[in-house]
Protein chains: 2
Amino acid sequence: MTKVNIKYLAEKLNMAPSTVSRALNDSYEISQKTKDKVLSLAKELNYQPNPYARSLRAHKSKTIGVIIPERINNFFAQVIDGIEEITQQYGYHLLVYNSHEDVEQERKIISYLLGGRVDAIVMSVSSQTSSTEHLEQVQKQGIPIIFFDRIAQDLPTTKFITNDYQSGFDAAHHLIEIGCKKIYFLLLSKEITIGKERLRGYLDAVKASDLSFSEDWVIHCAQEEKPNIDLFKSFLFPMDRPDGILSSVEKLAITAYQAIKETKLRIPEDIKLITFSNMKIADLLDPPLSTISQPAQEIGRECAKLLMSKLTKTKPSPIEDQVITIPSIFHKRTSS
Amino acid sequence: MTKVNIKYLAEKLNMAPSTVSRALNDSYEISQKTKDKVLSLAKELNYQPNPYARSLRAHKSKTIGVIIPERINNFFAQVIDGIEEITQQYGYHLLVYNSHEDVEQERKIISYLLGGRVDAIVMSVSSQTSSTEHLEQVQKQGIPIIFFDRIAQDLPTTKFITNDYQSGFDAAHHLIEIGCKKIYFLLLSKEITIGKERLRGYLDAVKASDLSFSEDWVIHCAQEEKPNIDLFKSFLFPMDRPDGILSSVEKLAITAYQAIKETKLRIPEDIKLITFSNMKIADLLDPPLSTISQPAQEIGRECAKLLMSKLTKTKPSPIEDQVITIPSIFHKRTSS
DNA sequence: TTGTAAGCGTTATCAG
DNA sequence: CTGATAACGCTTACAA
């Protein structure tokens with residue numbers, strides 16, 4: 001475990017460390033002969049530059065922090081794949097954190113990242129996140145932070161979302177068109193923007209129809225599966241049950257499927273269901289599940305492209321305060 | 001974007017940087033009064049230590065590198081959650097990389113990690129990985145590396161796996177018991193250990209029976225979905241098709257479901273199917289899919305515990321060369 | 001109990 | 001074209 005560093009190479013070669021450094025960085029002011037000597041020894045001894053010395057010197061880490069609220073979720077996995085696809089082309093690394101939908105965790109993670117560990121942050125906020133002081137902190141420290149999907153609306157930065165309002169509207173409208181009279185909306189949290197927007201679309205569609213909407217059509221769900229199962233069964237069993245469900249996130253739709261199975265109701269005959277989801281196997285469910293799927297990889301790529309363009313520019317321009325919308329796609333399947 | 005560092009604090013407080021440093025680190029040789037002053041100013045100015053300066057000095061990064069072959073996969077997501085659960089208790093960070101089942105990518109990632117960027121690596125090798133020079137490199141550099149699930153058998157280190165042989169045997173045995181006469185085995189790659197072990201279990205079970213086993217019962221699949229669909233249909237259509245399938249990984253089982261759907265064969269009447277998988281919603285598939293599910297979170301936790309115990313010890317002991325088995329669980333559902 | 005100084009590995013600046 | 005030197009922010013002997 002000999003530590004081969006620039007100094008060591010320099011000694012071996014009878015050169016100054018600075019010369020070695022320049023040769024390694026292919027500086028124009030070094031002769032080809034010297035470069036060759038240095039490179040070949042470096043290769044032979046398997047020299048690897050110390051990233052932390054570099055970071056310390058350069059004040060940048062070539063590392064991006066990614067914070068998601070849930071890891072076991074295709075959507076977020078796809079987004080990260082998209083981010084990585086771009087960032088790795090620029091030699092950037094990804095520090096990935098799971099906030100588990102918990103603001104406290106989120107705050108802690110943010111505080112870790114404040115010391116310059118990352119050059120930028122891309123995140124989707126937890127469903128509990130209402131106050132955004134901790135996120136403002138990040139900006140104050142001069143660390144670029146951008147959001148996707150679950151965004152912090154008030155922070156002046158770029159946010160990537162899908163057309164949540166329109167998708168919510170369209171999905172609800174579709175349910176109405178195929179004959180649903182009582183359509184429930186499954187909401188994970190009223191804090192998060194996507195929930196709000198999807199809900200708004202749903203509400204507008206329902207209210208524009210001649211259905212007799214009532215506030216209790218909007219179901220405020222828990223994070224955990226157990227209470228949700230009970231909650232869902234409580235409104236599925238009675239005679240005045242809904243005949244349509246629009247779920248704002250995949251997790252709740254899965255739970256709904258389970259609850260419906262237990263009630264012996266049939267999909268889509270007795271109850272129709274649509275959900276926002278990036279599940280690969282919606283086709284294979286019983287019955288195939290209608291989904292609104294988000295362009296997850298693309299969202300990730302766009303986030304990364306934006307950051308890379310900002311970070312690799314010598315004269316850094318600030319990140320614009322804007323919302324960029326990448327449309328989702330509705331996949332009609334048997335469940336609706 | 002004022003950079004508040006120790007020097008800056010020291011100036012403000014009229015103290016030496018070393019005093020501030022010691023106070024921040026709660027050194028016993030600093031008076032309570034001084035500590036209070038330092039801490040309060042640090043808090044006020046929101047001081048965050050520079051992790052890279054620390055890393056450079058301490059020769060450790062408090063960072064673990066995680067390499068997986070696929071991110072959109074519940075198993076790996078769960079493992080990472082398990083790892084993070086433990087490492088964050090110790091203040092460690094996770095650099096996560098996706099090799100996309102590609103050895104070249106894997107090599108590249110490893111080379112990034114060689115410079116001391118991480119204190120240890122936990123990984124699952126790509127299905128293409130046969131030679132392991134690049135992994136030996138890591139050990140030579142003195143960086144602890146451990147494996148889970150897809151292991152590099154020959155490297156002297158700790159590997160966490162599940163009882164792949166036994167599970168393969170049991171699943172095949174189960175298929176035989178419920179009447180299958182011709183059981184195909186879906187193999188992703190003959191390079192990876194889990195494939196080999198699961199296959200070995202399957203082979204032993206089949207050969208111990210009175211089925212007329214033939215080599216072509218073992219299907220060597222491609223990485224991509226398209227060719228696999230065609231491959232599967234090519235053996236599902238003929239009269240002498242199999243009546244049982246054991247899939248060594250989730251991805252192939254999904255593809256098999258799709259192919260079977262297209263052939264109009266019925267599961268489980270015409271063909272029975274079992275797969276290794278950590279899918280949450282096997283229950284909701286049509287029909288519910290029998291799975292062998294691995295204790296993913298626990299595997300992650302165990303990997304992390306081992307590393308943490310090694311890394312946080314002052315007198316570091318080497319990582320033992322051993323294979324630790326954590327058993328999988330068979331969930332019988334309708335598909336078998 | 002506090003201060004001084006050196007060094008972790010790199011690279012930019014300034015000389016030569 | 002190459003060498004010496006300083007500095008990034010932090011910690012730790014060693015001094016006081």
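The surface near DNA strand C comprises eight nonpolar, 12 polar and seven charged residues, where Ala, Val, Leu, Ile, Met, Phe, Trp, Tyr, Cys and Pro count as nonpolar, Asp, Glu, Lys and Arg as charged, and the others, Gly among them, as polar. A residue is taken as near a strand if one of its heavy atoms lies within 4 Å of it. The model is a predicted one, in which local features need pLDDT of at least 70, side-chain atom pairs count only at pLDDT 80 or more, and totals for chains, interfaces and linings use all residues. Residues are numbered from 1 along each chain as its sequence is written, chains are lettered from A and ligands numbered from 1 in the order in which they are written, and side-chain values use heavy atoms, with hydrogens and water left out.

Among the 27 residues around DNA strand C, those that come nearest are R57(A), S18(B), T19(B), T34(B) and R57(B). Sugar or phosphate holds 63% of the strand C atoms within 4 Å of the protein, and bases hold the rest. Some individual pairs can be picked out here. For R57(A), a polar side-chain atom lies 3.0 Å from a base oxygen of strand C. On chain B, the side chain of T19(B) places an N or O atom 2.5 Å from a phosphate oxygen of the strand, and a polar side-chain atom of T34(B) likewise lies 2.5 Å from a phosphate oxygen. Helix 2 (17-24) and helix 4 (51-58) of chain A, and helix 2 (17-24) and helix 4 (51-58) of chain B, each supply at least two residues of this surface; helices (H or I, at least four residues) are DSSP runs numbered from the N terminus.

Turning to DNA strand D, 26 residues surround it, and T19(A), R22(A), T34(A), I6(B) and Y47(B) come nearest. Of the strand D atoms that come within 4 Å of the protein, 64% belong to sugar and phosphate. By class, the surface near strand D has eight nonpolar, 11 polar and seven charged residues. Helix 2 and helix 4 of chain A and helix 2 and helix 4 of chain B each contribute at least two residues to it. A polar side-chain atom of T19(A) is 2.5 Å from a phosphate oxygen of strand D, while an N or O atom in the side chain of H59(A) is 3.4 Å from a sugar or linking oxygen. From chain B, a backbone N or O atom of N50(B) lies 3.1 Å from a phosphate oxygen.

The two protein chains come next. Chain B can be laid on chain A with an RMSD of 0.1 Å by a turn of 180 degrees and a shift of 0.0 Å along the axis, superposed by least squares on the C-alpha atoms of residues with pLDDT of at least 70 in both. That is the relation of a two-fold axis. The same surface serves both copies, as 100% of the contact residues of chain B recur in chain A, contact meaning heavy atoms within 4.5 Å.

One residue to look at is E84(B), which sits in helix 5 (residues 74-87) of chain B. With a relative accessible area of 7%, E84(B) is buried (under 20% relative accessible area, with a 1.4 Å probe and protein chains only). Its side chain and that of R71(A) are joined by a polar contact of 2.5 Å, that is, a pair of N or O atoms within 3.5 Å, of which, within protein, one must be able to donate a hydrogen and the other to accept it, and residues adjacent in sequence count only if both atoms are side-chain atoms.

Note on methods
Buried means under 20% relative accessible area, exposed over 50%, partly exposed in between (1.4 Å probe, protein chains only).
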